[in-house]
Amino acid sequence: MKKITSSVALLCLLAFAPLAQAAKTPELTYTVNLHDRADDRFKVTLDVKGLRKENNVFQFAATAPGTYQTMDMGRFVQHFKAYDKKGRELETKQLSTNQWELSQPEKVRKITYNIAETFDTKVEKDQIYAMCGTSLEQDHALLNGQAVFGYLSGLQAAPLRLKLDHPEEWLVGTALSTDKKGYYQATSYDHIVDSPIMAGQLTKAQTEYNGTTIDIYTYSKTGKIKSQDLMTNMTAMLESAHKFVVDFPVERYTFLYHFEDQDWGAWEHSYSSGYVMQEKDLTPEYAKQLTDIAAHEFFHIITPLNIHSEIIERFNFVQPTPSQHLWLYEGTTEWASHIMQLRSGMKPLPNYLKDVRQKLMIDDQLDKSYSLQKLALTSYTPEGHAQYFNIYNRGALVAMLLDIRMLELSGGKKGLREVVNELSKEYGPKKAFPENQFFELFAAKTYPEITDFFDRYVKSAEPLPVGDYFQKIGINYQPSVATGKKVKSLGYAIGAPGGVLSLTQVDAVMQSTGLQPGDEITALDGVAVSLGNANQVLPKLGTLNPGDSYTLTIKRAGEEKNIVCQIQNQDEVQKHVFDVAAQPTPQQQALRTTWMKNL
């Protein structure tokens, strides 16, 4: 952009002041009727004023930040209509799956449409992840912005208001603030997408933590899980997070928990996070699982909220556009969610190493030739989607090794945590880093050797130097150890690449029965199974003994087959075994001590 001198700029401002006033941002007010919940469709009204010719296309989201999946929310829309100020219908035309054209945008005063909830709407492909979707039931509603609202061309950055018409007894949970009239306010379409809403028969817990208000809202189908119980279990994690980041960069943060019959996971946002989990007893084990997930999502207040590229800052809802720095947004976040618990004493070292072992075992089941950079850049494709889950495993492992390497090079003075916190202060929510220069910018804050690290383990997919790096901190590592015992085995590994429950690895014995890697699992002994109920159906396999038979129903190339399988009896081999050296060298002990604390 050319620089304009102050005198010319003043003349331009005076000359075009009336025009600027006339071209003020149109008023946009959404209303969602939550009283009408009979047909699993949200009834949405958009009242508008001041549209111009260029605001002639209404866009629904093709995807959303942090999902890395094609959504095409226009698939769920029905009865899209536009009206003038006298209530007369104006012509509209559907241009594509996600776009509707307004024939006379200047005359439009109201737009209405119905959009189906995603939980109970069957689709042939691209099933919406439940934590990114919507639910509309008699006792509650879950709204994710991109799955309910759209925006007009040219107005993605325009502020908007939202009115929720709901039963008086319902409680509403969201990070959005309201104005004096009770309307929720969003600074832009991106903001409403970044702010999930849950309403209904909820419980709430609130606490103040070092200047940050923490809210938890919970929907539990039968009332088993309460917000206060979750808050109690989360306190230590929040303390760990505070020590790790020094100061929370948000004044308010909201956790939205939805406990029913689906077990999907969570979706991060700048000032909140949404969780769709199975409702069951809040045992210590389940509480730990929920806390680990919450730790990951909460750390997203650092990245991508405060550290992100221009691709994330100006999100493209029309055409999915990947960023190559998924290793930072998700891999580093997953690493941080565990290391901060280790360093605060919340998670003992053996438990931390157990988590690392689990990630290495999952990495074994996926394509180890697929680099983290390639995974990011292909994340919206079927090929990349099949590897996507590994960003939480190999991505976290790479961040872990990067931290050890940086601590070694700096003599224990600077690790990954310190550079992340430094970058968070340098950039922040409103300043993006350049997408194509970040590796160089990061390395400039560290050491020349870090460029080589990125080249080998992020841009390429060289075998991870787990043994060499853990040796630096006095922890021995063996890729595999034979125990001399026999153990029962399925002979295959199950994963969920692309959100589809399927076989990721199949040994020679099970391939001889007819199973193949990539087969989708649709039933076990005649009981339908999917990602949503896998935790209830598949544990049956663990009750079987060597030689016992069972039937897997698999789908391959669109055809289902029943395949009779048997539990195998194999030599036990423990993979990825860690052993903390009791007598490390002084150098190893010094680096281990530094690695296990916040500098």
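Leaving aside its neighbours within four places in sequence, which residues is G145 in contact with? In this predicted model, the answer is Y189, I192 and V193. To find G145 yourself, look in the loop that runs between β10 (140–143) and β11 (151–152). You might wonder whether a residue in a loop is buried or exposed; G145 counts as buried because its relative accessibility is 2%, and the cut-off for buried is under 20%. Now find A64 as well: 81 residues separate A64 from G145 along the chain, and their C-alpha atoms are 9.3 Å apart.

Let us move on to another loop. S323 sits between α6 (310–313) and α7 (326–343). With a relative accessibility of 5%, S323 counts as buried, so this serine can be read in the same way, against the cut-off of under 20%. What does the side chain of S323 make a polar contact with? Its partner is the side chain of Y329, at 3.5 Å. Y329 also appears in the list of residues that S323 is in contact with once neighbours within four places in sequence are left aside. That list includes S309, I311 and I312, along with A376, L377 and E435.

Next, follow helix α4, which covers residues 227–245. Its 19 residues reach 25 Å from the first C-alpha to the last, close to the 27 Å expected at 1.5 Å a residue. As you trace α4, watch for a kink of about 40°, centred on M234. M234 is also one of the buried residues of this helix. Others among them are L230, M231, M237, L238 and F244, and the buried set also includes S227, S240 and H242. What do the buried residues of α4 pack against? Their partners include three strands, β17 (203–209), β18 (212–220) and β19 (252–260). Helices take part too: α5 (284–299), α7 and α12 (416–426). Just after α4 ends, V246 takes a positive phi of about 75°.

Finally, step back to the nonpolar cores. In soluble globular proteins, nonpolar side chains tend to be buried together. Here, the largest nonpolar core has 155 residues, and Y113 and W595 are those with the most contacts inside it. Helix α11 (residues 394–409) supplies the largest share of this core, with 10 residues. There is also a second, separate core of 20 residues. To locate this second core, try picking out V506, L515, V529 and C565, which are among its members.

Key:
Residues numbered from 1 in each chain as written. Predicted model: local features only at pLDDT ≥ 70, side-chain atom pairs only at ≥ 80, totals over all residues. Heavy atoms only, no water. Helix = DSSP H or I, 4+ residues; strand = E, 2+ residues; numbered from the N terminus. Buried < 20%, exposed > 50% of the residue type's maximum accessible area, 1.4 Å probe, protein only. Polar contact = N/O pair within 3.5 Å; in protein donor to acceptor, adjacent residues only side chain to side chain. Contact = heavy atoms within 4.5 Å. Core = buried A, V, L, I, M, F, W, Y, C linked by side-chain atoms within 4.5 Å. Expected span 1.5 Å × (residues − 1). Bend = angle between axes of the 7 residues up to and from the residue.
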